[in-house]
Amino acid sequence: MTADITRLSAATLAAELAGKQMSSVEATQACLDRIAEVDPQLHAFLYVDAEGALATAASVDRRRDAGEELPALAGVPIALKDVMAMRGVPTTVGSKILENWRPPYDATVVSRLREVGLPVLGKTNMDEFAMGSSTEYSAYGPTRNPWDHDRIPGGSGGGSAAAVAGFEAPLAIGTDTGGSIRQPAAVTGTVGVKPTYGAVSRYGLVALASSLDQAGPCARSVMDAALLHEVIAGHDPRDSTSLPGPVPDVVKAARTADVRGLKVGLVKELNGPGYQAGVRQRFSEVVELLTALGADVREVSCPNFTYALGAYYLILPSEASSNLARFDGMRYGIRLGDDGEANVEEVMARTREGGFGPEVKRRIMLGTYALSSGYYDEFYGQAQKVRTLVQRDFAAAFADCDVLISPTCPTTAFPIGEKVDDPLAMYLNDIATIPVNLAGNGALSMPIGLAPEDGLPVGLQVIAPPRLDDRLYNVGAAVEAALEDRWGHPLIEEAPQ
């Protein structure tokens with residue numbers, strides 16, 4: 001029974017809960033049992049809140065039994081990336097410097113999950129401070145890909161993607177600064193969405209790069225992602241970057257799933273040399289599929305995307321250097337070297353030396369240098385000019401296209417340890433996802449098959465203009481339905497048990 005429950009989609013699970021075919025406590029306990037069974041191998045979770053999740057589930061069951069009309073996802077369990085504050089629950093951001101820190105407040109996303117009644121199973125593993133593409137930079141050890149335990153699950157949100165792909169949770173929340181929702185989704189065969197910047201509140205999200213960070217849904221189907229997107233999106237007065245106005249009807253778009261007459265731009269610069277042969281093959285097949293479904297597919301050029309990676313790795317470290325200055329051992333988190341004789345500067349230096357990992361230190365140093373006197377205009381200022389050029393490329397492309405598409409990642413999941421000591425090789429994993437964050441667009445990654453050479457998942461990236469995230473779900477659901485008809489099942493069902 002447990003195995004059957006954990007393999008249900010969130011939409012199906014929600015329907016069965018609403019019809020009282022099972023209780024939320026049963027569904028939540030099934031997920032907790034699955035976590036106990038497989039997480040020692042996957043290490044998707046940093047903290048499991050069994051007591052809190054079951055208490056929420058029991059509350060939902062009581063309200064439903066009393067005849068209260070509840071939101072669609074009420075009672076459906078969810079996992080939360082450990083970058084969002086959750087009152088009373090450890091929030092480490094994958095770092096030793098915040099080990100055992102328990103926030104006294106909830107992030108807005110967490111508040112909205114509580115309001116709807118989603119039991120939070122726990123906090124998932126991540127690259128420290130969301131700096132990484134493999135979840136190998138977590139201070140608490142790497143997460144493993146459910147498809148192949150010797151391979152990475154993507155990053156920085158590999159824990160959330162692995163939890164969903166490993167049937168530990170039907171839904172999860174991730175955050176995306178340069179691809180940290182979409183890239184893990186691609187390499188684990190799941191669906192991940194980076195909403196338009198500002199569409200989901202960043203209040204309570206431990207900041208990496210404030211102009212880039214965005215929370216979004218992780219799921220096993222496009223409809224499941226749409227249902228979760230509907231819950232967490234919307235204006236928040238506590239977030240100065242939060243977008244006002246209504247949320248696009250993403251659930252309706254996922255149900256529509258019709259691309260006839262849609263103008264789809266194939267981004268020339270995001271598919272070619274350097275991309276794995278199997279990735280290119282599966283992507284080409286989807287281009288043919290979209291044409292068969294009635295879409296008008298055309299190639300577009302965004303020449304400044306070539307410079308996006310370099311600009312991103314100046315903007316992100318610069319903002320990270322500023323944001324992470326607050327972690328000094330004085331107010332919260334660990335404090336090292338306070339032996340009664342050390343002065344404040346020595347305690348701060350020892351705390352940051354012992355609390356931060358090597359990748360965090362690397363980016364802080366890079367960002368501090370880029371912002372330093374005499375170099376600000378040469379590095380950070382120039383990177384911001386490139387960002388403007390990337391935004392103009394998107395604007396020009398969307399003048400002729402409704403959506404843009406590309407492979408999500410240049411390769412499938414690589415072996416654990418292969419790139420951890422080669423920062424440049426690791427950074428290149430985000431080459432197709434980074435332009436979206438620089439411009440603030442919404443984008444979705446969904447599975448489109450397995451690469452012939454290694455049998456691992458390949459992802460399609462769909463990009464929409466800002467504030468038009470519903471287009472992501474329309475295209476994604478249409479492609480998903482056509483592929484499932486061809487395969488006879490969702491791709492995730494092929495994942496090893």
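Student: Where is the place of Thr 135?

Tutor: Thr 135 lies in the loop between S3 and H6. Helices (H or I, at least four residues) and strands (E, at least two) are DSSP runs, numbered from the N terminus. Here S3 is the strand 120–124 and H6 is the helix 158–165. This is a predicted model, in which local features need pLDDT of at least 70 and side-chain atom pairs count only at pLDDT 80 or more, while totals for chains, interfaces and linings use all residues. Residues are numbered from 1 along each chain as its sequence is written, and side-chain values use heavy atoms, with hydrogens and water left out.

Student: Why is Thr 135 counted as buried?

Tutor: Buried means under 20% relative accessible area, exposed over 50%, and partly exposed in between (1.4 Å probe, protein chains only). Thr 135 has 0% relative accessibility, and therefore counts as buried. Ala 130, found in the loop between S3 and H6, is buried at 7%.

Student: What is noted about the phi of Ala 130?

Tutor: Ala 130 has a positive phi of about 65 degrees although it is not a glycine. Thr 135 is not a glycine either, and its phi is positive at about 60 degrees. Most residues other than glycine have a negative phi, and most peptide bonds are trans.

Student: Which peptide bond is cis?

Tutor: The bond from Gly 155 to Ser 156 is cis, with omega near 5 degrees. Ser 156 belongs to the loop between S3 and H6.

Student: What makes the pair Thr 412 and Asp 454 a polar contact?

Tutor: A polar contact is a pair of N or O atoms within 3.5 Å; within protein, one must be able to donate a hydrogen and the other to accept it, and residues adjacent in sequence count only if both atoms are side-chain atoms. The side chains of Thr 412 and Asp 454 are joined at 2.6 Å, so the distance satisfies the limit. Thr 412 itself is buried, at 4% relative accessibility, in the loop between strand S9 (403–407) and helix H15 (423–427).

Student: Which side chain is joined to that of Asn 437 by a polar contact?

Tutor: The side chain of Arg 182 is joined to that of Asn 437, at 2.6 Å. Asn 437 is in helix H16 (residues 434–439) and is buried at 1% relative accessibility.

Student: How do you know that Cys 302 has no disulfide with Cys 401?

Tutor: A disulfide is a pair of cysteine sulfur atoms within 2.5 Å. The sulfur of Cys 302 is 8.6 Å from its closest cysteine sulfur, in Cys 401, and is therefore too far for a bond. For Cys 31 the closest cysteine sulfur, in Cys 218, is 15 Å away, also too far for a bond. The structure holds 0 disulfides.

Student: What makes 3 residues of the lining of the largest cavity charged?

Tutor: On a 1 Å grid over the protein atoms alone, a cavity is a set of points where a 1.4 Å probe fits but cannot get out, and lining residues have an atom within 4 Å of a point. Asp, Glu, Lys and Arg count as charged; Ala, Val, Leu, Ile, Met, Phe, Trp, Tyr, Cys and Pro as nonpolar; and the others, Gly among them, as polar. The lining includes Arg 220, Glu 480 and Glu 484, so these residues count as charged. The lining also has 7 nonpolar residues and 1 polar. H17 (470–487) gives the largest share, 4 residues.

How values were computed: On a 1 Å grid over the protein atoms alone, a cavity is a set of points where a 1.4 Å probe fits but cannot get out, and a pocket is an open set with protein on both sides within 12 Å along at least five of seven lines; lining residues have an atom within 4 Å of a point.
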